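User: Could we go through the cysteines and the charged pairs of this model together?
Analyst: Certainly; please bring up the sequence and the structure.

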Amino acid sequence: MLAINDTMEENLREKYQPIIGLEVHAQLLTESKMFASDSTEYGTLPNTNISVITLGHPGTLPKANLKAVDYAIKMGLATNCQITRQNIFARKNYFYPDLPKGYQITQDKTPICREGYVYIQTSQGEKRIGITRIHMEEDAGKSMHLAGETESLIDLNRAGVPLIEIVSEPDIHTSEEAYNYLTEIKKLVRYLDICDGNMEEGSLRCDANVSVMLKGAEKFGTKVEVKNMNSFRNVQRAIDYEIERQIEMLERGETIESETRGFDAVTGTTSGQRSKETMNDYRYFPEPDLTPVFVSEEMLTTIKAEMPPLPHELYERFTKNYQLPDYDAGVLTDQKEIALYFDDLCQYTTNYKAASNWIMGPVKSFINELALPVSEFPLQPQQLADLIGLVDAGKVNHTAASRNIFPQLIQNPTKTALQVAEELNLIQESDDTQLQGFIDQVLAGNPKKVVEYKAGKTALVGMFMGEIMKLTKGKADPKTVNKLLQESLKKV
């Protein structure tokens, strides 16, 4: 790589427009494989989730997993795609050492979903990213190359596990946009409960197609496919490296070859693996052993009825209906269970910002510390709303609510927030007559401080507040005390 300073690098980058398209493979959470009844359980002993169909024995016939078809349609609906009604499978004749048949069953001319889009949030605002297609296929097995060994080991448990491949349009222009797009895809598959989105376990995998072109040019540059990225952060790093590498090559007058490159997470660099195959190299032809899958209107209606609220829909509701800041809405919609709990909570309170603060603060801290799913959080939305109501009514202050009442409620979820507050003697004194007596007592006991306050040392109001709260043992409503104190100081 050329050693170029930051200023020159910025100038060079300004000359070029990166063009990025992502191919995301999502393993579907079915109990059986795409074309066989073998289990898809993760972590079992090698070569135990197999059968004669997975092993490609002569005379065996595949059968499409209709649950996988349902899941693919759900993803298509979530990404605003058109759904293909007649689906034909194809054989992709490409050598996979860990697919015993010697070919992969996939979709070629009739992807089940096409021409969709998603919206992502960027530093410049919302952006629409097109989805070219989503198609169904089967996964390959796993080859393991142990250090120092001359032979490779093959585990066929994953062979035949159902996948969907989500192919974006080349609408992505920065690594930040790629990261945010992947985050949105991960949220969608998790909201739909069709994939766990775990990149470390390989259930969500991403390949990036990267090219650069001079700004204003009409023709895209030669694209390079980057593989072997096991986290969103590494996808971002690989894209940044590849953009810089290609720009520097073009500046030196070199030709960029269409190839597949691997990413090394340790060095943060990519390296060539093989020249990129063309579509002709795969030699697709219709799979003769599988009948077409027809998506009926009734099937589509049933699947639509099963669709949960989606992240973008909830984000819009939280920002528009509940008037939350973009940041709050982004945090709350990151996980479906959190978003739905918050949405339920807002049916019992109109203090939506306070509800958001409670979810993002004490509630998330509690479930994260114990690694609990939201479904096991002991308080019902109405109980938390009652606690918010106590604070809003001035019966308890927020500190007492979060530090004392909230932990006790969790330990005693059958009790109400008011019961716990009364048991802990935390109900604030808000009777004006009684509070005025405490205020008069403090002012009478500090005549010199009153004189200093009247002379301009207005910061002394904090001292007066502290003394009053001591006399009331912290049970006075600070808002009421402050109001009465200000009125009393004007009169003395």
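Analyst: A salt bridge here is a side-chain nitrogen of Lys or Arg within 4 Å of a carboxyl oxygen of Asp or Glu. Please keep in mind that this is a predicted model.

User: How many salt bridges does a search of the whole structure find?
Analyst: The search finds 27 salt bridges. One of them pairs K74 with E306, with 3.7 Å between the closest N and O atoms.

User: Where do K74 and E306 sit, and how many residues apart are they?
Analyst: K74 belongs to helix α2 (residues 66-78) and E306 to helix α6 (residues 297-306). The pair links distant parts of the chain, 232 residues apart.

User: Is K74 buried or exposed?
Analyst: K74 is buried, its relative accessible area being 11%. E306 is partly exposed, at 47%.

User: What about D328, which residue does it meet in a salt bridge?
Analyst: The side chain of D328 meets that of K353, at 2.6 Å from N to O. D328 lies in helix α8 (residues 326-332) and K353 in helix α10 (residues 352-369), so this salt bridge ties together parts that are 25 residues apart in sequence.

User: And how does accessibility look for D328 and K353?
Analyst: D328 has 3% relative accessibility and counts as buried. K353 has 36% and counts as partly exposed.

User: Which residues are joined into one network by salt bridges that share partners?
Analyst: The network consists of E242, R245, E259 and R261.

User: What does E225 pair with?
Analyst: E225 forms a salt bridge with K227, the N to O distance being 3.7 Å. E225 counts as buried, with 4% relative accessibility.

User: Changing topic to the cysteines: how many disulfides are there?
Analyst: The count is 0 disulfides. C81, for example, is in no disulfide, and the nearest cysteine sulfur, that of C113, is 5.2 Å away.

User: Why does that separation rule out a disulfide for C81?
Analyst: A disulfide needs two cysteine sulfur atoms within 2.5 Å, and the sulfur of C113 is 5.2 Å from that of C81, so C81 has no disulfide partner. C81 also counts as buried, at 10% relative accessibility.

User: Where is the nearest cysteine sulfur to C195?
Analyst: The nearest cysteine sulfur belongs to C206 and is 13 Å away, and C195 is in no disulfide. At 2% relative accessibility, C195 counts as buried.

Key. Residues are numbered from 1 along each chain as its sequence is written. This is a predicted model: local features need pLDDT of at least 70, side-chain atom pairs count only at pLDDT 80 or more; totals for chains, interfaces and linings use all residues. Side-chain values use heavy atoms; hydrogens and water are left out. Buried means under 20% relative accessible area, exposed over 50%, partly exposed in between (1.4 Å probe, protein chains only). Helices (H or I, at least four residues) and strands (E, at least two) are DSSP runs, numbered from the N terminus.
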